[in-house]
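Work through the exercises below with the sequence and the model open. Each task is followed by a solution in steps.

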Amino acid sequence: MNEFNQKKPLILIVDDEVVNIEILREIVENSCEVIATKSPLKAIELAEKFQPDLILLDIMMPEMDGWEVCRKLKSNPKTAKIGIFFVTAKTDPADRIKSFQAGAQDYITKPLLALEVQARVRGYLARKQEENCLRQQLEQARKMEAIGTLAGGILHDINNILTPIFGYLQILMNNIDGKDNAMLGKIYLCAQRLAELSRQILNFSRQNEHKKEVLRLKIQIKEIVKLLKIAFPKSIIFSLSIADKPLKIKADLTAIHQVVINLCVNAVHAMNGKGILKIVLDEVNLPSDMKVSTPPDPDNGSADNLTIQPADKQESNELAVKDQDELIEQTYVKLTVEDNGCGMDSQMLSKIFEPFYTTKKSGEGTGLGLTTVKSIMEEHQGKIVVESEKGKGSAFHLFFPSTDHGQKKSEYPQIKMERGTESVLIVDDEKDIVESISTALSEAGYQTIATTRSDDVIDLFSSNKVDIVVMDIEMPGLNGIEVAQKLRKITPCIPVVFCPGYQLQEHDELTKGLYNYLLYKPFNPQDLCRLIRKALA
């Protein structure tokens, strides 16, 4: 993007006749910033310095013709992506062909029609903005993919450390009573929080994964706010209010992060980096607490799950109802992100969910944030209500269908393990993991054979009675999948519990295999014993 003026696109006009420069300036200056020169050599210098969004270039000029200027600009990596329109009196088709061969994006002939020039310029600039937005998205996706790869390696190691911690803790909790057991329970819960944080980081960095799971939204919101407090300036004051309720939803964790961060970033922009950012999380029952508006789509008259309404037109806390007799019997988790910034008028409100529409300065936003929010909410069968008034701030209310059915869990994990007497072959390149799993399964009555070398598995399997294999996937030498393939040449029906330390890309494909089972690290012995019983049933 150019450095001349961030509010409007920048156009460079190059023509050896001052009168032609002034004509073009008058045509485009209402929507663009303009710089101009009569010199082709100066034009090359200005293009490199100011990086205009578009150059309107004459052909016949002293010093150097426009074709040569175009070729020089296109051969320079710093100016190669700048759009060039030839504006000339030359009408010969051969000249048009020569212009496009030189690298031009368009060819306009004199005498000029103002409306035609404006339409072509605006069309090109709109396409360029869209391409830039898509390019930014692609770059972001590549960055997130790289982060995901890095995070996967780090979190694999963290999960390998957590797995024996869970194992030994559960063994101790089975053998210690009273006050010491309660303290061990607290340690266990802290380890669970670390394991959950590990999963959150990995899921957030891998935006290509869209798997829904039951989330306690209050935990996710607290973690996101912690991150935002670090990222946002100290002039932003957070006001966080969370109801003492389960607040569970079925959602994609990455998508939830994306929605909340997009809304919070927009709020900070609206407050110009200074103000109060309120985040409220509660549970509401429809229609007893409120009614849902589904206004018709202005383009096709169909109903949408989106409500846009200025605050001054709301009637108390109730929203307009499309059909007063249509009552939605459902519990929703309501998330509100509210700011005391500049607010929006009704015209802005009508456009905020349109792709590439933005109220931010050029270069500060893609205009895709709220479009993404709307898309995610639709995917989650959620609803959006927007309240805003010019000069008084905005509030975005998001409604997610609740998945809580009043079930309560005990404060500490159940420590009873399902017992068995079968023989289990344990394979992992981490000695601590092998020892902790072996100890835990022995406590539950199983016979265990263990190794840290995948190359030894075939010999151990052939020389011992093995009923089931518990095995890591990423190991030096043969990986877990390759080992399983060799084992099934010996015993086709041998069940294998794969225990990777990170989310597998081939998760679905692996679990489709007969006698394949999957248990991600970190896990506790109780979960492993339960899965072993299922596999051997």
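**Exercise 1: backbone at two glutamines**

In this predicted model, Gln 51 has a relative accessible area of 28%, so it counts as partly exposed.

Task: Find where Gln 51 lies and what its phi is near.

Solution. Step 1: the loop between α2 (40-50) and β3 (54-57) holds Gln 51. Step 2: its phi is near 50°, a positive value, and the residue is not a glycine. Step 3: most residues other than glycine have a negative phi.

Task: Repeat this for Gln 381, and decide whether Gln 381 is buried or exposed.

Solution. Step 1: Gln 381 sits in the loop between α10 (369-379) and β12 (383-389). Step 2: its phi is positive, about 55°. Step 3: the cut-off for exposed is over 50% relative accessible area. Gln 381 has 53% relative accessibility, so it is exposed.

**Exercise 2: cis peptide bonds**

Task: Place Pro 111 and Pro 522 and describe the peptide bond that leads into each.

Solution. Step 1: Pro 111 is in the loop between β5 (106-109) and α5 (114-175). The bond from Lys 110 to Pro 111 is cis, with omega near 0°. Step 2: Pro 522 is in the loop between β18 (516-518) and α15 (525-536). The bond from Lys 521 to Pro 522 is cis, with omega near -5°. Step 3: most peptide bonds are trans.

**Exercise 3: cysteines**

Task: State how many disulfides are counted, and classify Cys 70 and Cys 493 by accessibility.

Solution. Step 1: a disulfide needs two cysteine sulfur atoms within 2.5 Å. By this rule there are 0 disulfides. Step 2: Cys 70 has 0% relative accessibility, so it is buried. Step 3: Cys 493 has a relative accessible area of 46%, so it is partly exposed.

Conventions
Residues numbered from 1 in each chain as written. Predicted model: local features only at pLDDT ≥ 70, side-chain atom pairs only at ≥ 80, totals over all residues. Heavy atoms only, no water. Buried < 20%, exposed > 50% of the residue type's maximum accessible area, 1.4 Å probe, protein only. Helix = DSSP H or I, 4+ residues; strand = E, 2+ residues; numbered from the N terminus.
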